[in-house]
Amino acid sequence: MDELLGQLSRKWEEFESLPFPANFRSREPDGECMVMMDADLAGCISSAMKGRLDDRRSAILHSRIARLRVILPLIREDENASNYFTLLHETAMLAAEIDDARRA
């Protein structure tokens, strides 16, 4: 578990250094507000770094991961946004893996 937490910490640090893609503040691929996607996942990830998520946050984390998986192919043409949201997705998946292990 310590190794996974270390990986999560490194990915989170890398993610935090990236600016939110400005052109996605008003863009909603497949009807999804990407600002809310970012905020929802960032909140869940940061909470997972501190401990086990409550049931509501765990459900949000898993549903937002699934939704982002659908959206990523739709934004490939924008390299900056694709890189940002791909790293967010990877970080969120790692947070979910850690939280799932804590729940087991």
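**Cysteines, helix packing and one loop residue**

The sulfur of Cys44 lies 15 Å from the closest cysteine sulfur, that of Cys33, which is too far for a bond. This is a predicted model, and a search of the whole structure finds 0 disulfides. The points below take up the two cysteines, then the packing of helix H1 against helices H2 and H4, and finally a residue in the loop between H1 and H2.

**Cysteines**

- A disulfide is a covalent bond between the sulfur atoms of two cysteines.
- Cys33 is in no disulfide, the nearest cysteine sulfur being that of Cys44 at 15 Å, whereas a pair would have to lie within 2.5 Å to be counted.
- Cys44 has a relative accessibility of 3% and therefore counts as buried, while Cys33, at 25% relative accessibility, counts as partly exposed.

**Helix H1 against helix H2**

- Two packed helices are described by the angle between their axes and the distance between the axes.
- For helix H1 (residues 2-16) and helix H2 (residues 34-50), the axes come within 11 Å and cross at roughly 145°, and the crossing is left-handed.
- On the H1 side the contact is formed by Leu8, Ser9, Trp12 and Phe15, which meet Asp38, Ala42, Ile45, Ser46 and Met49 in H2.
- Sorted by class, this contact of H1 with H2 has 6 nonpolar, 2 polar and 1 charged residues.

**Helix H1 against helix H4**

- H1 also packs with helix H4 (residues 79-103), at an angle of about 155° and with the axes 10 Å apart.
- Because angles over 145 degrees count as roughly antiparallel, H1 is roughly antiparallel to H4, and H1 passes H4 in a left-handed crossing.
- The residues of H1 that take part are Leu4, Leu5, Gln7, Leu8, Lys11, Trp12, Glu14 and Phe15, and they meet Tyr84, Leu87, Leu88, Glu90, Thr91, Leu94, Ala95, Glu97, Ile98 and Arg102 in H4.
- By class, the contact of H1 with H4 has 11 nonpolar, 2 polar and 5 charged residues.
- Leu8, Trp12 and Phe15 of H1 appear in the contact with H2 and also in the contact with H4.

**Loop between H1 and H2**

- Asp30 is placed in the loop between H1 and H2, and its phi is near 55°, a positive value in a residue other than glycine.
- With a relative accessibility of 48%, Asp30 counts as partly exposed.

Notes:
Residues numbered from 1 in each chain as written. Predicted model: local features only at pLDDT ≥ 70, side-chain atom pairs only at ≥ 80, totals over all residues. Heavy atoms only, no water. Axes fitted to C-alpha atoms, helices over the stretch in contact; angles between N-to-C directions. Helix = DSSP H or I, 4+ residues; strand = E, 2+ residues; numbered from the N terminus. Left-handed = near helix turned anticlockwise from the far one by under 90°. Contact = heavy atoms within 4.5 Å. Nonpolar A, V, L, I, M, F, W, Y, C, P; charged D, E, K, R; others polar. Parallel < 35°, antiparallel > 145°, perpendicular 65-115°, else oblique. Buried < 20%, exposed > 50% of the residue type's maximum accessible area, 1.4 Å probe, protein only.
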